[in-house]
Structure formats: C-alpha cells, structure tokens
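Please open the structure in a viewer and keep a selection tool at hand. The tour below proceeds by selections, each followed by a description of what is there.

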Amino acid sequence: MNAMSNPAATFEPYRRRLLGLAYRMLGSMADAEDAVQETYVRWHRADRDNVSDTRAFLTTITTRICLDMLTSARARREEYVGPWLPEPVLDTAALAPDSRTELAEDLSIALLLTLDRLSPLERAAFLLHDVFDFSFSEVASALERSDAACRQLATRARAHVRATRPGGVTAPASRSGEIDAKHTQLMSAFVAATGSGDLDALTQLLATDVRVVTDGGGKVASALNEIDGADRVARFLVEVTRKRPGAWWRDDFTVRFATINGLPGVIVDSPEGPVQTAAFEIDGGVIRALYAVRNPDKLRHLRFAQDPR
C-alpha cells in the first residue's frame, strides 16, 4: 500500500512543527490547534500522491490558514480590553522547530509581542526563514510573493526583532525546563513580599525600569495599562493584593513554579484550575519585567498541564 494513502500516518510526523509555527503566528494555542486541524483536513482531501515535499506542502497550508486567521484576530484585538498577551505555554520543547536557528527555541513573551507588531506577511516571512529555516524560494512559494519581496519582508521583521528583543535578561530555558535556583529564590521572595505587603522588600527585587503587563481580557480585574518603574509597580502590586487577596492566593489557592514561555514563572491554582500565570524577565538578580495572564480563556489549556520537568 502506498504510504501516502494513510493521511494520518503521513501527517503526524509534522504536527509538532506545524503547531509551533501556528502558535508563533497567532499567539494562541487554541487558534494554533484549530489551524493545524484545518491543515490536516486539507491534507486528507489533497491529492497526496502528487505532493513531492510533504514538509513544504503542510507548512505552506498552515501559514496561509494562519494569515487568514490573523485578519479576524486583529479585528478582535481592536476590541480587546486592556493589554494583550499571548497564551502561556509550559512545554516549549513541544513547539520547537526541527532547526538550529538562533531563535528556534525562543518562545519568550517579549519576542511574541514583537512578532505581534509586525505585519502578517512580515511575521510569516521572518518565521519561515529565520526560525523554521526555509529557503527564500520556499518562503516565496508559501507566500506567493517573489524571492526579493520575501527577503525585504524578512529583513524588516528582523530589524524590528533585534531592536526590541531584550538583551541580558533571562535566557530561554533549556529543553529540560529547569529553573535556576537563584531565580526560584528571587520569585519566592517576590511572592512573599507581595503577599505580606512589604513595599521596601518588594522594591529591592525590582529593576528601576521594571514593567508589569497584565492581561485580563475584560473577563477579570487587571490593570488596563502597562505599569512602569519600581516605585509604581511595587505600590500597584501591594495595593492589588490588599484589595484583592485572590490575585496571588487564598487559603484554597496554591502557587507553583514553572517555566512559562521559556521564562521562570509561577502558576496560581484554584481548586477549579489555574487562575493566573506570571512570567518573569530577570536581569542581574532583579526583575526587569512581569507578564501576568489572568484571562480565563487563555488559561483553560493549562488546567491539566504539568510543568515538563
């Protein structure tokens, strides 16, 4: 029997790669899974015997589906309440491409936010070439543009990424998902100082130019604007905890450490499941940025997820 007669068997070796591409394109695991499922449906219907390069064919289909989805996603984003953050993921290794490029294993929130500010075509060209190691001729075929146009798209995107990607902060975690002991100690001190309302102790843990971004999506309480500066951030966190103790814990809440998008972080669990994630950018022993996701729609996929360690 021709191997191509079994669509599932020929598709599965590429599923992880396609999911990693779709997540980077869309910033949403739920949407990424939908895109990959639609790719499989099209693969099932395709004349597979005439496909000479399965990898290129499936990647092209996923890219085009994501480009279509980005149009509606951007329209929804205009109505989004407060800052938008990507859905947090724990197992970044499961979304890594089969390449050794500089950004192959970087799923940091800072990078995803930078990608989100690119045009859809810039985002696609950059990801396909710089992350998934496609040649520009393959990128051109996928995007139905000329090689020269795709080079320009990728060059512009690369310049934006280099200009905004933070330097010196916590490197993406290894495939093992290990969190450095010093980072665990710092996060423990942060949680304790926040919970006790110790403003001075909390301020000492923060970089002077620290920033906090919280995503509640209008579904739960969160800051509607980014908060910058150690004094403002410390006062905000202490005030929020005093007014809303459930922001970090209640008697029935638990706090666990995890790698979140390759960064050290914490997950706050209620008996019903996660209610918040917080990912930390750490630089020189202090917290440079904190990304907190509280939108329950973005936490559903973590309900049964475990830290990959």
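Begin by selecting α6. Nine of the 12 residues of this helix are buried, so α6 is largely enclosed by the rest of the structure. The model in view is a predicted one.

Next, display the side chains of the buried positions in α6, which are E122, R123, A124, A125, F126, L127, L128, D130 and V131. To find their surroundings, add α2, α4, α5, α7 and α8, against which the buried residues of α6 pack.

The length of α6 can be checked in the viewer. With 1.5 Å a residue, its 12 residues should span 16 Å, and the end C-alpha atoms lie 15 Å apart, which agrees. Just after this helix, select D133, where phi is positive at about 60°.

Now restrict the view to α5 and α6. Their axes are 9 Å apart, and the helices pack at an angle of about 135°. Angles over 145 degrees would count as roughly antiparallel and those from 65 to 115 as roughly perpendicular; the two helices are therefore oblique to each other. Which residues meet here? From α5 come L112, L115 and D116, and from α6 come R123, F126 and L127. By class, this contact has four nonpolar and two charged residues, with no polar ones.

Then centre on F126. Apart from neighbours within four places in sequence, F126 is in contact with L103, L115, V131, A154, A157, R158 and V161.

F126 also leads into the largest nonpolar core, which has 47 residues. Select Y23, M25, L115, F126 and L143 together, since these touch the most other members of that core. At least two core residues are supplied by each of α2 (15-26), α3 (29-45), α4 (54-77), α5 (109-116), α6 (120-131), α7 (136-143) and α8 (147-164). The largest share, seven residues, comes from α2. In soluble globular proteins, nonpolar side chains tend to be buried together.

Move next to V191, V233, V238 and A278. These residues are among the 24 that form a second, separate core.

Finally, return to the whole chain. The protein chain contains 11 helices and six strands. Of its 309 residues, 53% count as buried. Among contacts in the chain with a separation of 6 or more, 66% are accounted for by residues 24 or more positions apart.

Key
Residues numbered from 1 in each chain as written. Predicted model: local features only at pLDDT ≥ 70, side-chain atom pairs only at ≥ 80, totals over all residues. Heavy atoms only, no water. Core = buried A, V, L, I, M, F, W, Y, C linked by side-chain atoms within 4.5 Å. Buried < 20%, exposed > 50% of the residue type's maximum accessible area, 1.4 Å probe, protein only. Helix = DSSP H or I, 4+ residues; strand = E, 2+ residues; numbered from the N terminus. Contact = heavy atoms within 4.5 Å. Expected span 1.5 Å × (residues − 1). Axes fitted to C-alpha atoms, helices over the stretch in contact; angles between N-to-C directions. Parallel < 35°, antiparallel > 145°, perpendicular 65-115°, else oblique. Nonpolar A, V, L, I, M, F, W, Y, C, P; charged D, E, K, R; others polar.
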